[in-house]
Structure formats: structure tokens, C-alpha cells
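Here are some comments on the enclosed spaces in this structure, set out as numbered points. Please read them with the sequence and the 3D view open beside you.

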Amino acid sequence: MSDHPHFSEHLDFRWNNDDGHFTARAEVQPTLCAPGTEWPRAGVLAMYADNLGGFMCSVGFGTPAPTLDLSVHVFRRPPSRVLHLESRHLRKGRSIAVAETWFTAEGEDEPFAMAVASHMKMGDRAERKFSLGYAEVRRAKPTAILDEPIETRAGITVVAPATVEIAAAPHVINGIGTLHGGVLALLTERAVESAFTDDDPHVVTGLDVRYLSSPRIGPARAVANVLRGDPTDAHCWVEVVDTGDGDRPVVHAFATTRARGAAQGEEAP
Amino acid sequence: MTEPSPHFFSQLGFDFAVLPDDRFVGTAKVQPTLCIPGTVVPRPSMLATYADIAIGFPAANRFGFPAPTLDLSMHVFRTPTAADLSMEAKLVKVGKRVIVGECWFTADGEDDPYAVCVATFFTTAEPLSEEWRTPTADNPMFSPRQDLPEPIADRAGIHTHAPGSVEVQLAPHISNGTTVQGGIVALLAERACESALGDDGRHAVTGIDLRYLSALRAGPARATAEPLRSDDQGSHFWVEITDAGDDDRLIVHGLVTARPL
């Protein structure tokens, strides 16, 4: 059994709910950034957005609110690793809510990234009632230093170029016992990164993730296919399956990348 | 009296079939007026229209309920060599309340797809009437095929309200029976971004990620594009579409990407 702290304890995720106004502050550790860069991983931003927007929707429903889909778009590299987040409802339906989350770097007014996610209400049985206490427990602990890359700590392994796997472990699951949506986003990001050679590394700047089902047995395997690539950027398609359950589809995702050289050369305004 | 405009579906050059296993296969003869001006590339919003139908019909069949679109992401990742195309859609998630489908587009004469759309549909509480059948390509909605001699944005009635801001009124030829058809909403977002880029003809929208939040009731629908980033590689825009006649009530949010042609 894993004795690692839950991955969320490395996120320095200081969230606040001010009468339904959900905000957060986080200092992103270097091990949460894309390799060799100061770009916070798109998968890590997905974790923040999935948590903050997910809490907000869960509070609204009064039940846990699994994520149906999540898009993250990073427009530019933030000049600071201290981030401020703000979520708001775009849609509050009876069974489906849509949350947007904007990311702004400390000292700036304009956002550098945003995420949009749809969340679905679970059945209203008593045992599925949502309590922010669950999230409070995680927040109550001081941020744990992560001394290795988040993908290593999560247990993601490269099994072949463009193919990566992860097994469900206590430190990477969500409140309903399956792989956390942000971890699955990180898995797709790693599959994309591993599709490129060390001579031509890419940074993922956009993820459009559709959660089709929960991996029940595992490991979850992500395979990336480069749809188009040129010296500056690329588009990729990623499929995640539950290899222990007849390769049942778990996630489909579309990813956008920038070549690391181009990404690193970008000047923040 | 002026002849009413035919529904824009009849100008899509659409031929298709819904297969028993929920797959949808189709072809389209894409008129130049449905393409990005000066190119043979179908507008992403028109691809979104095909996909909305290609996923939406099987979704409604499966639910037995009308299936409004919850969100739609359109990604054009390569420049096709021909406007005419084939498409294949399938449902990748069939839940009790939501269905997710994807639709891949391949240009005539090519083997590999150049665009993909992923969309989510949800159920309504109103069962389909017993007479409802999945429309076929010879349905009056799509047939007979009509020529479109002017750009689709003009025919839809989209006009520029201010740089980066465009409007459209709900009209029968762009309606889905309740509100503005989702593909025309995508076109409105696309046009807002083109306007924000100065309608310079040197950039093209390549990605549209839309969330449909509510229906247009009063109108006009007004799309406003705000640039989030712009450089040699391309641009990101945040687009909000509101019901200008209903206190600017938000009806659609979107993230749109554009690249130099």
C-alpha cells in the first residue's frame, strides 16, 4: 500500500469559499512544472480547476459532482509560480453544472490560463451527500514538499513511446475512490510528451479531456497519436483505456503542444 | 413578397445514414460559400454543424428524448486539400443523462482525417413523439439541396456590431426549432474572432470550444471576442454570447483559437 501523501497535499491549494465565491492561491513547486521549464503542467492546472470548480459544483448540488469533461488552455507562461484562481458557475442546471476557472499569476491582472469543466450531480442517497469537510481535511495539512516530478510520484510509467500507464493508488484517487480527474489529465499529458523525442521536447498547452468511464481494475493506459506536428507546435489525440477490463475506454482527449524551445523563448508581457 | 430563405441545412450538401450500431456516416459537397474565404477549407463552424447532426441524431435515438447540445469542441489540425469531405461519427459514452460522441472528418482524396469534433448531449424530460424518426438525407430538412450564392455568414444574417462584436437575429432558416442552431452559434463565435482580427483574411479559426448555457429568447444574439493571447503562432479568444434583448443574459461561452493562414 502506498504511504505517499495524497497528491493534493503537494498542490499548496489554499482555497476559500466566501458565500459561494470560490477562490484559491497556490505556489507551484518546480516538480509540478513541465520538465525543464517554468510552465505549470497543464495536468496540474487541471487538478486545481477540477478541485476548485468541482467543490463549487458539489456544494451547489449537495452531492459529489464527478467531472464529465475538462478543458484547460494555457495562453502563455506565467511570470510567477504563485497563482491565483477564481471559479464561477457558467451553468447551474438540475443535474449538470459548468464551472470556469481562471488562473492569474501573482502581480498580474490578466489571466494566463483558463479551464472549463462540466460536472454531474450524483444520486441523492444520504451516503453520497457532499461535505466540504472532506476537502477541509486535505487543506488542514501543511503543504508537503514534492522532491520528485509529480508524474513519477503519481506512478506514471512510460511503457513505450507515446504510451504510459498508471495504477490506482490511495495517493492519486478522488473522493469516490477512482483515479482523480486531474491525474487522468496528467496521464494524457505524459502520453503526449512521450510521443516526442528528447531532441524535440514539447510542452502541453491545451487539453480537452472527456471522461467516459472510471477505471475499475487498471492499470489505465494512455496512448497518444500525433495528428499534426511542425517545428513550433503539434496537435495530438489521446485515448486512455482500462487495460484490466478489456481495454474499456476511460478518457478521450485532444491536446495542443508547443515545442519547448518556442515555449521557453516566449517572453511574458 | 420575398421568398423565405431555405433552411441552411439544405445548403450543406449533406448525404448521410445513421447505422444500427449508432454510428453515423456521411459525405458533404461543401460549397465555397461555406468555406473560409479564399480557401477550400470548410469553416470550422460548418464542420461543427455537420458534427452536431452526426452525433445529435444517434444521441436522440438512444435517449428516446430530444438531445440538446451541452458542449462542443471542434479541432481542425491540418489543412485539407479539398472542400468536399466524408465524416464518421460514433457515440463513445452512453450514460443515463449524457451522451458523448465524436466525429472525424476526412477530405476527399485523402486517407487521414484533418479535423475532429467531440460533443456532449443531454436528455430533456420530453419524450420524442411516437412519430419521430431519425431524419434521413432526403428529409425536407436537407433536401432538395440548395445553392448558396452568398457567404453563409451573410445568409445567416450575421452583421458586425463593432470590431470583435457581431450579432444575429433568430430566424426560421437558422433555427433548430427552439433557438439558434448550434452550428450557427459556432459561426457567430467564429465571425466575432475574425472581426477582432480585423477581417484581414490572413488568419483562420482552427479551434472552437463552446459551452451552450441557455437558449436565445428575445435576441439578437451578440458575440463578443476578447483576445487572450496573440502572436506569430496564433491567437486565443474568449467569446461570450449574450441575449442582447434579454438584459445580455449569457447564453454561450467559448474559447476559440486562430492561426495564420
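1. In this predicted model, a good place to begin is the second largest cavity, whose lining consists of Ala49(A), Gly53(A), Leu70(A), Ala99(A), Thr101(A), Ala115(A), Val116(A), Ala117(A) and His119(A). The space inside the second largest cavity comes to about 30 Å³.

2. When this lining is traced back to secondary structure, at least two residues each come from helix 1 (42-61), strand 5 (96-105) and strand 6 (113-120) of chain A. Strand 6 of chain A makes the largest contribution to the second largest cavity, namely four residues.

3. Sorted by class, the residues around the second largest cavity are six nonpolar and three polar, while charged residues are absent from its lining.

4. The whole structure, when searched for cavities of 30 Å³ or more, yields three of them, and the largest has a volume of about 460 Å³. Its lining is made up of 33 residues, and those closest to its centre are Thr205(A), His235(A), Thr256(A), His236(B) and Thr257(B).

5. Both chains take part in the lining of the largest cavity, since two or more residues are given by each of strands 3 (67-74), 9 (202-211), 11 (233-242) and 12 (248-259) of chain A, and by each of strands 3 (69-76), 9 (203-212), 11 (234-243) and 12 (249-260) of chain B. Strand 12 of chain B provides the largest share, five residues.

6. As for the classes found around the largest cavity, its lining holds 14 polar, eleven nonpolar and eight charged residues, whereas the lining of the second largest cavity has no charged residues.

Technical notes. Residues numbered from 1 in each chain as written. Chains lettered and ligands numbered in written order. Predicted model: local features only at pLDDT ≥ 70, side-chain atom pairs only at ≥ 80, totals over all residues. Heavy atoms only, no water. 1 Å grid on protein atoms, 1.4 Å probe; cavity = no way out; pocket = protein on both sides within 12 Å on 5 of 7 lines; lining within 4 Å. Points joined across faces, edges and corners; volume = space filled by probe spheres on them. Nonpolar A, V, L, I, M, F, W, Y, C, P; charged D, E, K, R; others polar.
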